[in-house]
Amino acid sequence: MRDQPDARPADVVAVEALSPSIVRVVVEVSGFESLGVSDEGCVLTFPADGSSAAESDVERGHWYTVRRVEGDRVTFDVIVHEGGAASSWARRGKPGDQLSLTYQNSWMVRPEDAGWQVLLVDTTGLPAAARIVEEAPAGMRTIVVAEVPSAADEQALPGAEVTWVHNPEVVHGGSELERIAREVELPDGPGYVYVAGEAAATRAVRKYLRHELTLPAQSYGVIGYWRRDAAAWAERLARSSVDIGELWEQAEAEASNEEEAMDLYEERLGRAGLL
Ligand SMILES: Cc1cc2nc3c(=O)[nH]c(=O)nc-3n(C[C@H](O)[C@H](O)[C@H](O)COP(=O)(O)OP(=O)(O)OC[C@H]3O[C@@H](n4cnc5c(N)ncnc54)[C@H](O)[C@@H]3O)c2cc1C
């Protein structure tokens, strides 16, 4: 992760509803440098009152995928849902508002020899999927299965074979990503599966890919983008004596690779009632 302890101003230059669930936000960040990886994200902090980032704190920062970079102009697609500082700002945001940007990171590590990629995403993973499709190397076969609330949230993804799954419950965390993953037929030969969506759903997909399909670890990347009932989980965490950073470090130290560490970490989180 590129460390940027000092929050950088991100001046809002455009806000546009792309669909009922997606608001496109373009900000200007002086000297922004892309990491050059299609699923790169930044932590954005949204002012509580929509007018100033001065009193905003890192606690309210959330990861958003960099959908596009044009010079200093950076585009994000924000999914609107019930509650949440980011989502509620997106409903009322306007040019002239100021956000702030702290961290940048990316997760996708597609093997060099991959001839295909399968992208399994809910609406929050759609910006990453769209950029991955746009930036796919020539000749790469790309299959996208995207779970969105309704047909009105579909978007064009030229160059990819796309299946849309309409699930109004996805906004309440009732994701069907695991069922979707089980129905996808992966092409033959070396490839890569990218999964992004609600944490419990992506956890189930990771288990399926790793323990049932027994895919090699380098052939998939699974990222939990958001957590249903986040407040209840945060309360459980606060009541427990668990330091999840420490738990992860222990798992990493005991395991021989990151996927094994994830198995250990999730098992221990489960025992602590923190899944
Ligand atoms: C690497 C990465 C990239 C991401 N990219 C994007 C992106 O491009 N676009 C995007 O919109 N999101 C993206 N997310 C997810 C986003 O960070 C979370 O959805 C974030 O929690 C939203 O913040 P909030 O302030 O709106 O809600 P929070 O304050 O986090 O949560 C408030 C309530 O809303 C619920 N909630 C949070 N997110 C959702 C949701 N998406 N749908 C329904 N309920 C929700 C929570 O469970 C909680 O009950 C990404 C996450 C990661 C880790």
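In this predicted model, Glu16 stands opposite Arg24, a residue of strand 2. The two strands concerned, strand 1 (residues 8-19) and strand 2 (residues 22-28), pair in the antiparallel sense over 7 bridges. They belong to an open sheet of 7 strands with antiparallel pairing, while a further open sheet, of 5 strands, has parallel pairing. A ligand is also present, with 24 residues around it.

**The antiparallel sheet**

- The strands of this open sheet follow the order 4-3-7-1-2-6-5, so written from one edge to the other, with antiparallel pairing.
- Its edges are formed by strand 4 and by strand 5 (68-70), each of which pairs on one side only.
- From one strand to the next, the twist averages 40°.

**The parallel sheet**

- The open sheet of 5 strands has the order 10-9-8-11-12, and its pairing is parallel.
- Strand 10 (161-166) and strand 12 (220-226) are the edge strands here, each pairing on one side only.
- When direction is ignored, neighbouring strands of this sheet are turned against each other by 10° on average.
- Within the sheet, strand 8 (residues 116-122) pairs with strand 9 (residues 141-148) in the parallel sense, and 7 bridges connect the two.
- One bridge partnership joins Asp122 to Glu147, the latter being a residue of strand 9.
- Helix 4 (residues 199-212) packs on this sheet and touches strand 8, strand 11 (191-198) and strand 12, and the direction of the helix makes about 155° with that of strand 11.

**Surroundings of the ligand**

- Among the 24 residues around the ligand, those that come nearest are Trp63, Asp77, Ile79, His81 and Arg227.
- By class, the residues of the shell divide into 12 nonpolar, 7 polar and 5 charged.
- Two or more residues of the shell are given by each of strand 4 (62-65), strand 6 (73-79), helix 1 (85-92) and strand 12.
- The largest share, 4 residues, comes from strand 4, which is also an edge strand of the antiparallel sheet.
- Strand 12, likewise a contributor to the shell, is an edge strand of the parallel sheet.

**Backbone contacts and cover of the ligand**

- A backbone N or O atom of Ile79 lies 2.7 Å from an oxygen atom of the ligand, and Ile79 is also one of the residues that come nearest to the ligand.
- For Ser87, a polar backbone atom is 3.0 Å from an oxygen atom of the ligand.
- In the case of Asp229, a backbone N or O atom lies 3.2 Å from an oxygen atom of the ligand.
- On its own the ligand has 910 Å² of accessible area, and the protein covers 86% of this.

Key. Residues numbered from 1 in each chain as written. Predicted model: local features only at pLDDT ≥ 70, side-chain atom pairs only at ≥ 80, totals over all residues. Heavy atoms only, no water. Axes fitted to C-alpha atoms, helices over the stretch in contact; angles between N-to-C directions. Contact = heavy atoms within 4.5 Å. Near = heavy atom within 4 Å. Polar contact = N/O pair within 3.5 Å; in protein donor to acceptor, adjacent residues only side chain to side chain. Areas by Shrake-Rupley, 256 points an atom, 1.4 Å probe, with all protein chains shown as cover. Nonpolar A, V, L, I, M, F, W, Y, C, P; charged D, E, K, R; others polar.
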